[in-house]
Amino acid sequence: MSLYNRSVMENHTAMNEFILVGFLVPPQLNTILFLAFLVMYVFTVLGNTIIITIYRLDTRLHTPMYFFLSHFSTLEIGYTTVTVPNLLRNQLSQDKAISFPCCMAQMYCFFFFGTAEFFFLALMAFDRYVAICHPLHYHSIMDSRCCSKMVLASWIVSSLVPISPTIIISRLPFHGSHRINHFFCDVGPVIKLSTGDIFLADLSVFMVSALVVLSSFLLIVYSYICIVTTILRIPSATGRKKAFSTCASHLIVVTIFFGTVIFMYVRPASLDSADQNKAVSFFYSVVTPMMNPIIYSLRNKEVKEALRKMIERMHSARKPASVIRAVTY
């Protein structure tokens, strides 16, 4: 093969892939980071899977709040699975390339699960609003049919939202550097690499993101204003504490998620830093999904009780087998 043909082939290959820079650390720390990321990912998948499982097994948890929580745990698993497995591969591999189609697919999926998270947090806030502000009509408003429709609509809309921005970004020209200074194909870093006019791409991402974030944020804020107003009207301190405890876990998750997202995207351009962006993105896309099962289980008596009974059932199911082995021997 001639030098010219080899150069043409390399340029053609480069045009169809990106390089994910990831976290730049000394080589001796790569293994430590890999193990840390792996533990976080396993804990996230395991913790959210446990929440989904106990919801399925314990009929006492078949309420709207836990129905939404089971779907929320499902999207958290997807949220981290979009980025972490590839991050683990890149952490120990010299080849940090990701093909253009895979990059676009990762961008779409991350956008999809991120949108779904906003919607489900809003749904869970609405559920607490109805439960506290309209307790007598709670079961008639939040019946299984209504909840199923809201969940289905959230998944469908979330899958449609990223289509337009992803298509626009995929048609941008990328003839310069292909090194994405991030650990996954995030929208911002990918657009920055384009050598063409990025106005339409920026506009589409901004419009869609603003619509999703503002709509969900306003619904959550309105719900909690009504919730707090209703709670303050409860005469007894015990009643106020009990009412507030039913939405404390959700409020903590909302505060953490919206706090990191607002810090990430609503700040002056002068404070923008690639390393800081990676750290914040890692927090809300990996650390937060890992913390959610802990927040909901530690602050929720029903979840802890259901988990305890599930462990007891698993333990009792092993006893006959151990007895049989003891008698055999």
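Helices here are DSSP runs of H or I with at least four residues, numbered from the N terminus. With that in hand, let's walk through this predicted model, starting with a pocket.

The second largest pocket has a volume of about 660 Å³. Of the 25 residues that line this pocket, Met-65, Tyr-66, Arg-128, Thr-246 and Glu-302 are the closest to its centre. Six helices each give two or more residues to the lining: H3 (64-92), H4 (100-133), H5 (138-141), H10 (237-265), H11 (274-298) and H12 (301-328). Helix H10 gives the most, with 7 residues. Sorted by class, the lining has 11 nonpolar, 7 polar and 7 charged residues.

Now to the helices themselves. An unreviewed UniProt entry lists residues 32-54, 66-85, 105-126, 147-169, 203-232, 244-267 and 279-298 under "transmembrane region". How does the model draw two of these spans? Residues 32-54 are 100% helix and 0% strand, with end C-alpha atoms 33 Å apart. Residues 203-232 are likewise 100% helix and 0% strand, and there the end C-alpha atoms are 42 Å apart.

That second span brings us to helix H9, which runs over residues 199-232. Its 34 residues should span 50 Å at 1.5 Å a residue, and its end C-alpha atoms are 48 Å apart, so the expected and modelled values agree. Which residues of H9 are buried? They are Ala-201, Ser-204, Val-205, Val-208, Val-212, Ser-216, Ile-220, Ser-223, Tyr-224, Cys-226, Ile-227 and Ile-231. One of them, Val-205, makes a handy link to another helix: its C-alpha atom is separated by 8.8 Å from that of Thr-166, although the two residues are 39 residues apart along the chain. Thr-166 lies in helix H7, residues 163-170. Thr-166 has a relative accessible area of 11%, which is under the 20% cut-off, so this residue counts as buried.

Helix H4 also has 34 residues, and reaches 49 Å from its first C-alpha to its last, close to the 50 Å expected at 1.5 Å a residue. Of the 34 residues of H4, 27 are buried, so this helix is largely enclosed by the rest of the structure. Ala-116 is a good residue to look at in H4. It is buried, with a relative accessible area of 0%. Ala-116 and Leu-75 are 41 residues apart in sequence, yet their C-alpha atoms are 7.3 Å apart in space.

Helix H3 offers a similar view at Thr-83. Thr-83 is buried too, at a relative accessible area of 0%. Its partner in space is Val-286: the two are 203 residues apart in sequence and 8.5 Å apart from C-alpha to C-alpha.

What about an exposed residue? Thr-59 lies in the loop between H2 and H3. Its relative accessible area of 60% is over the 50% cut-off, so Thr-59 counts as exposed. Even so, Thr-59 and Ala-306 are 9.5 Å apart from C-alpha to C-alpha, with their positions 247 residues apart in sequence.

Finally, let's turn to the aromatic rings. A search of the whole structure finds 25 aromatic pairs. Phe-37 and Phe-282 form one that is tilted, with 5.0 Å from centre to centre and 50° between the planes. Phe-37 lies in helix H2 (residues 27-57) and Phe-282 in helix H11, so the pair ties together parts that are 245 residues apart in sequence. Are these two rings on buried or exposed residues? Phe-37 counts as buried at 5% relative accessibility, and Phe-282 counts as buried at 11%.

Phe-257 and Phe-258 give another geometry: their ring centres are 6.0 Å apart and their planes are at 90°, so this pair is edge-to-face. Phe-257 counts as buried at 1% relative accessibility, and Phe-258 does so at 4%. Both pairs belong to one aromatic cluster, formed by Phe-23, Phe-37, Tyr-79, Phe-110, Phe-118, Phe-183, Phe-184, Phe-217, Phe-257, Phe-258, Phe-282 and Tyr-284.

How values were computed:
Residues are numbered from 1 along each chain as its sequence is written. This is a predicted model: local features need pLDDT of at least 70, side-chain atom pairs count only at pLDDT 80 or more; totals for chains, interfaces and linings use all residues. Side-chain values use heavy atoms; hydrogens and water are left out. The expected span of a helix is 1.5 Å times one less than its number of residues. Buried means under 20% relative accessible area, exposed over 50%, partly exposed in between (1.4 Å probe, protein chains only). On a 1 Å grid over the protein atoms alone, a cavity is a set of points where a 1.4 Å probe fits but cannot get out, and a pocket is an open set with protein on both sides within 12 Å along at least five of seven lines; lining residues have an atom within 4 Å of a point. Grid points are joined across faces, edges and corners, and a volume is the space filled by probe spheres set on the points. Ala, Val, Leu, Ile, Met, Phe, Trp, Tyr, Cys and Pro count as nonpolar, Asp, Glu, Lys and Arg as charged, and the others, Gly among them, as polar. UniProt positions are given in the numbering used here, feature names are shortened, and annotations may be inferred rather than shown by experiment. Rings of Phe, Tyr and Trp (its six-membered ring) pair if their centres lie within 6.5 Å; planes under 30 degrees apart count as stacked, over 60 as edge-to-face and the rest as tilted.
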